[in-house]
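Please open the model in your viewer, with the sequence panel beside it, and keep a selection tool at hand. The stops below say what to select next and what is to be found there.

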Amino acid sequence: MPRVARAESSSGSRVIAHIDMDCFYVQVEQRKQPTLRGHPTAVVQYNSWKGGGLIAVGYEARKYGVKRSMRGDEAKKVCPDIQLVQVPVARGKADLSVYRNAGSEVVSILARRGRCERASIDEVYLDLSEAAETMLAESPPERLESISEEALKSHVLGLHMDGVSTKDCVKEWFLMSNVHRRDKLLACGALIVAEIRLEVLNETEFTCSAGIAHNKMLAKLASGMNKPAQQTIVPFSSVEKLLEPLPIKKMKQLGGKLGTSLLADLGVDTVGGLLQFSEEKLQECYGINTGTWLWNIARGICGEEVESRLLPKSHGSGKTFPGRQALKTVYSVQKWLNELCEELYERLLCDLEQNKRIAHTLTLHASAYKLNDMESLKKFPSKSCPLRYGIAKIQEDSLNLFNAGLREFTSICSAKIKGSKQHEWAITGLSVSASKIVVIPSGTHSIMKYFHNQGQTCIPIKEPDGISTQNAASLSSSGNGCCVSLHLPGPEINTCENEAKTNLDMPCLNPYEDEIEVCKARFDFMFVNVLIYKDAFHMEKFTDNQDPFLSRMIQEEDRLTEKLLLSSSSGAENGLGSKLTQSHMDSHGPVLKSENQKRKFDKQKGTPSILRFFQSHNSSSFPEQDHVSTFQENEASSSGLQAINGSPGRKSTCSLVEDEFRSNAWNYKSDEIDPVVLNELPPEIQAEVRAWLQPQKRANTVKKGSSIIHYFSPTANS
DNA sequence: ACGGCTGATACT
DNA sequence: TAGTATCAG
C-alpha cells in the first residue's frame, strides 16, 4: 500500500485511467471459440468435484445469478444453458498461460498511450496526464466538431442531477468551457480512453471498462461502476458525494481485515464516516502510515504514482491438494514439485528470451497440517535460495527447500513423538516462485555483443527517456511454447551502439556503482545462457525417450541460441547463427575429448552449440589445439571475464566455458587467477570476483550467495 | 479441511 | 534479508 500521499493540488492535476477487462477469462475463451459468444458462459477450473470451481462468469450468465465461486453444478442449476469452459491443464495443474498472454496483448496496446502499469492479469493503470495536456493545448474538446460516439457513452459522475444522464448532457459536459481546467483534462483523458478502448476491441476483440479520474484510487473505483464495456469519469467536484456514502469495504485495501476493524474500532462503515476522525487519531489506531493513508483516501486523496511496469515482478506455479488429496510422502511431494518447477522454468526461459530478464531468487511455499497434533495451526515455513538456471537444479533446490521447511515444521512443535512415522504431516499446498527478476542491460543481448564490446566493457546503457528498461523488447508471456512476442513501437532500445544517456527517471546512484551493476548483469546473462545450454546438452540423451517436455525444452533452447546469435551482427555475417543450430545435433564436435575422457560430456554426441560457437567464431585452429586459448584478438585486457580466467594469453573465456562443461564440480581456486589481471579490475569487481571464489552455501543451507557464482555450483550434493 | 491460482506489497 | 501476512480478483 502506498503510504505516502502526494498533495493533489500542488502539481497540476493528473489524469489517470484504470482499465479493467470484462470477465476476462470468459472473453478469452469466447474469442477462441466464437460460438460461445452471446451464450451464458463461465470458465471453470478443472475439477471433477462438483463440476469445478468458477473463476470467471460472463455477463449473460450473471443475469441468471451465476456467481464466481459457485461450483459448476450450482451454476448449471441456476442456469441450465450455461456453457462451462475448462481452464487448460498442463502437468496435472491448471495453466493460466493463455490468459496471461491475452493480457499481454492488451497491455501492449495500452502502453502506446502513456505510462502503463500492469496491475494484474486483466487490469491496467494508465497515466494519461501528458497526453491529456497535449490534447488540451492542441485540440481541446470544445474545438472538436464532434465527440466520438464511444466517448459520449461515458458516465460522468455527478453530472446527472438525479436520474437522467443523457447523451446530450454528456456532450454538453465535454464541450463545457467554463469549467475548471482539471475537468477539461479529464474530458481529454476520457476521449483518449474511449479511443483506446476501441483500439483494444479492434485489435483483440476484447471489451473493457475504464475509470478516468485524477488518481489511481478513484480511477479504480470508477472502472467498476459501469460494466461491461463502458467508461466512467470522476470529476473533481463529484468526489465528496461519491465517497461519502460508499461502504468502506468497497475501497481497495479495505476489503479485508483492516476494513473490518475500522467498523469494529471506530464504528465506521462508510468512507464518509472516516472524515470525523483526525489524522492523529487514525494514526494512533492504525499506525503512522496507515493512519495518514486512511485520512487521505477518505478525502479522495491518493498520490500513488502509476508505475511504469508492463511485466510481472515474479513468476509462480502452485497447486493445492485439498482434503484427501493431501500429499503424505516426500516422494509425492517431489513428483509435484518437479511438475511445478517445469512450468516455472518454462516461464523463466520465456522471460529470458523475450524480455532478457533473469530471476535471482527461488522460493518455496507450502501449506500443511499435522495429523496427530491437536493444534495443527502451525504454518509451514517458506524457504528461499539463489535461483540457478537449469531444470534439474531448480527441481533439486526446491526439494531441498521443502525438506528444510519440513524439518522445521515437524521438529519445532512436535518433538514429542519420537517414533515419527510417515504420516504425521500432510501437504495441502505447494508452490514455487521466482523473484528478484532483473533486466539484462541493453547491448548485452547476445553473447557476441558481449565479446565485441570489450573496449568499453562496462558502459551503462540507458533507455530513451520515458521508456523503462523492462518495457523494452517485448512483453512476457509464458507456457506451452506459445510465447507471444509483441513488440512495442517507439524509440530504438536495444542497440549496443547507444551510448550512455542520462536517465531522468532514476535518482542515479553513483555512476560508477551503476557501471558495476551493468557488469554484473552481463556476467549473469552470459553465464545463464551457457548453463542453459549445458542443460540442454545433458538432455540430449533423453530425446530418444520421447519425453515431450525435454525435447520441447531442447527446441526451446535451440531457438533461444539461434535468436541470440542472429541478433548479433557479426554472428549473422559469419552465417553462424543458422549453422549453429543445425550443427547442434550432429556429431562432429569431439573437441573436448582430449582432456577428460571419462566425463559425461564426452559420451554425448554433440558439442553444445554455445561452446561450438565460441570455437568456430574464433581461431580457425581451435579444434586442433589441445589446450586452447581463444578470443585473444577480440578482447581488450580490461575484460572482467578474462580476469576470472587468468591472463589473456593463457587461459581465456573459452576455456572457462570448457571447464564448466567438463566439470560438474566447479571450483576455481584463487591461485588459478592471474593476480595481475585481477588487480586491474575496479575494486568492487575485484571484491566480487574474490567473493565468487569462496565456497558458497546453497539450498541445503538456505543462504543466498553472491549474484553469479551460485549458478556454477554443482548440481548434486556429491 | 475445498474457491484455485497468481501476483503485489508492507511489516519485521 | 528472509520470512510472514494481507489483499485482490
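Begin by selecting Gln-253, which is placed in the loop between helix 10 (239-243) and helix 11; helices (H or I, at least four residues) and strands (E, at least two) are DSSP runs, numbered from the N terminus. Gln-253 is partly exposed, with a relative accessible area of 40%, where buried means under 20% relative accessible area, exposed over 50%, and partly exposed in between (1.4 Å probe, protein chains only). Its backbone deserves a look as well, since phi of Gln-253 is near 80 degrees, a positive value in a residue other than glycine.

Before moving on, note that this is a predicted model, in which local features need pLDDT of at least 70 and side-chain atom pairs count only at pLDDT 80 or more, while totals for chains, interfaces and linings use all residues. Residues are numbered from 1 along each chain as its sequence is written, chains are lettered from A and ligands numbered from 1 in the order in which they are written, and side-chain values use heavy atoms, with hydrogens and water left out.

Now display DNA strand C. It is surrounded by 19 residues, of which the closest are Lys-220, Gln-253, Lys-257, Ser-382 and Ser-384; a residue is near a strand if one of its heavy atoms lies within 4 Å of it. These surrounding residues divide into five nonpolar, five polar and nine charged, where Ala, Val, Leu, Ile, Met, Phe, Trp, Tyr, Cys and Pro count as nonpolar, Asp, Glu, Lys and Arg as charged, and the others, Gly among them, as polar. Of the atoms of DNA strand C within 4 Å of the protein, 100% belong to sugar or phosphate.

Which atom of Ser-384 should you pick to find a phosphate oxygen of DNA strand C at 2.9 Å? Choose an N or O atom in the side chain of Ser-384. For Lys-257, by contrast, select the backbone, where an N or O atom lies 2.8 Å from a phosphate oxygen of the strand, and do likewise for Leu-258, which has a polar backbone atom 3.0 Å from a phosphate oxygen of DNA strand C. The elements that give two or more residues to this surface are helix 11 (257-266) and strand 14 (383-386).

Next select helix 9 (residues 216-223), which is largely enclosed by the rest of the structure, because seven of its eight residues are buried. The buried ones are Lys-216, Met-217, Leu-218, Ala-219, Leu-221, Ala-222 and Ser-223. At the start of helix 9, a side-chain oxygen of Asn-215 comes to within 3.1 Å of the backbone nitrogen of Met-217. Follow the chain onward to Pro-228, in the loop between helix 9 and strand 11 (231-233), and look at the peptide bond from Lys-227 to Pro-228, which is cis, with omega near -5 degrees.

The following stop concerns aromatic rings. Rings of Phe, Tyr and Trp (its six-membered ring) pair if their centres lie within 6.5 Å, and planes under 30 degrees apart count as stacked, over 60 as edge-to-face and the rest as tilted. By this rule the count comes to eight aromatic pairs. Tyr-25 and Tyr-99 make a stacked pair, 4.0 Å centre to centre with 10 degrees between the planes; it links helix 1 (residues 24-32), which holds Tyr-25, to helix 4 (residues 97-110), which holds Tyr-99, across 74 residues.

Then select Phe-402 and Trp-425, whose pair is edge-to-face because the ring centres are 6.3 Å apart and the planes stand at 65 degrees. Phe-402 lies in helix 15 (residues 391-413) and Trp-425 in strand 15 (residues 425-439), so the pair ties together parts that are 23 residues apart in sequence. Both Phe-402 and Trp-425 are buried, and ring pairs link them with Phe-380 and Phe-409 into a cluster.

Stay with Phe-409 and add Lys-370, whose charged end sits over that ring, 3.9 Å from its centre; this requires NZ of Lys or CZ of Arg within 6 Å of the ring centre and within 35 degrees of the ring normal.

Finish with Lys-436 in strand 15, which is exposed, with a relative accessible area of 51%, and has a positive phi of about 55 degrees although it is not a glycine.

How values were computed. Polar contact = N/O pair within 3.5 Å; in protein donor to acceptor, adjacent residues only side chain to side chain.
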